[in-house]
Amino acid sequence: MTDITAFIAEESSKYSNLAGDYQALNSFYENKQYHQLTEKLDTIVKDRSKWSGTNMVDLYKKFINEFKSRINPVSLVDFAVTASKQLYPSRPYVQEELNVAASFLDETQTFLSQGATKNALLGSSESLSAHALHLCKSELFLLKVFGENTENGKQALLQELKPRIAALEELRSPEPLVQSSFHRCAAELHRSMGNYGQFYKSCLMYLVFTPTENVANDEGLKLATDLSFAALLGDGIYNFGEIITNNILSLLDGTDKVWLKEMLEIFNNGNIAGFEPLVNKNRQVIESQIENFKEQEQKLKAKLELLSLMELVFRRPAKDRTIGFNEIAKTIQRPVTDVEV
């Protein structure tokens, strides 16, 4: 019995609900049907309902490793990255777990680096191999972001991010997965530094290249929440069209954060009359989710006043955009004396 056959038999026995999946993998492997094998692996590795302990890590180490030079290198890294998430399950992140995950991914990075010079990646173009290596490096960078808690360390990572941008630009038509990984690195770093505006921009770019179901698998609710907060509280963010049409907001449905969707709609429409009723209805929940909300409330009102004025201007004909104080006061629901000041 070969090592792979023994592994498949052992895993099928250990996880009886996955026995059919393991047998299908073994069949594709024995028949050298690597395309079908890759597709089957993709459905198994990314299905969280099939996860148990470190079974996906074991699958990578004891099965995928045997034919890793025969499959698409970007898919190979994707499998390694997805499996590695089993190695750092704790929230908040634990440095020891992140180190184990980094060591696991570093083995794949070493293989890819050697493959570029030793032609280990059979049938893969140089461009595709470069994409895979960039993806692997991005995910290793992300683990460093997750583990960094000092301001000096974060500033150092911000400097390290710059050559990552240049490396991405050098790639020829980067794979969506490669783009997604880079923009998530940038978003997570800016989020950890409290850079609302940069986080918002990077996160929206991340979502351009990432299916919603993949985001949902990776703490999607927290991302949807933080993105909404960034849009509302971030300086210089006055365009809400991209976020309110993004599917990620569907992850707020049925949660205690669904009020954010309504708030974003109010800001998008410059609907200042809808602000107080929504806040009063959800005040207890909002105050529990936004630190120092009483202070932030005034900031939100000021931002909404600007948006309501913008909406007022855009509704008028291009040749008739002279607006009197009385109309402005009525729009922002404040005394005329405040407008004149």
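Helix 1 and helix 4 are roughly antiparallel to each other, a term for angles over 145 degrees. This is a predicted model, in which local features need pLDDT of at least 70, side-chain atom pairs count only at pLDDT 80 or more, and totals for chains, interfaces and linings use all residues. Residues are numbered from 1 along each chain as its sequence is written, and side-chain values use heavy atoms, with hydrogens and water left out.

**The helix pair**

Helix 1 covers residues 3–14 and helix 4 covers residues 55–62. Helices here are DSSP runs (H or I, at least four residues), numbered from the N terminus. The two axes come within 11 Å and cross at roughly 165 degrees. Axes are lines fitted to C-alpha atoms over the stretch in contact, and angles run from 0 to 180 degrees between N-to-C directions.

Which residues of helix 1 meet helix 4? They are Ile4, Phe7 and Glu11. Their partners in helix 4 are Asn55, Asp58, Leu59 and Lys62. By class, this contact has 3 nonpolar, 1 polar and 3 charged residues. Asp, Glu, Lys and Arg count as charged; Ala, Val, Leu, Ile, Met, Phe, Trp, Tyr, Cys and Pro count as nonpolar; the others, Gly among them, are polar.

Take Lys62, in helix 4. Leaving aside neighbours within four places in sequence, Lys62 is in contact (heavy atoms within 4.5 Å) with Ile4 and Phe7. Lys62 and Ile4 are 58 residues apart in sequence, yet their C-alpha atoms are 7.1 Å apart in space.

**Helix 12**

Helix 12 spans residues 220–233. Its end C-alpha atoms are 20 Å apart, which agrees with the 20 Å expected for 14 residues. That expected span is 1.5 Å times one less than the number of residues. Is helix 12 enclosed or open? 12 of its 14 residues are buried, so helix 12 is largely enclosed by the rest of the structure. Among the buried residues are Gly220, Asp226 and Phe229.

**Backbone oddities in loops**

Most residues other than glycine have a negative phi, and most peptide bonds are trans. Two residues here have a positive phi without being glycine. Buried means under 20% relative accessible area, exposed over 50%, and partly exposed in between (1.4 Å probe, protein chains only).

| Residue | Phi | Loop | Relative accessible area |
|---|---|---|---|
| Lys32 | about 55 degrees | between helix 2 and helix 3 | 58%, exposed |
| Asn292 | near 55 degrees | between helix 15 and helix 16 | 47%, partly exposed |

The peptide bond from Arg91 to Pro92 is cis, with omega near 0 degrees. Pro92 sits in the loop between helix 5 and helix 6.

Technical notes:
Helix = DSSP H or I, 4+ residues; strand = E, 2+ residues; numbered from the N terminus. Parallel < 35°, antiparallel > 145°, perpendicular 65-115°, else oblique.
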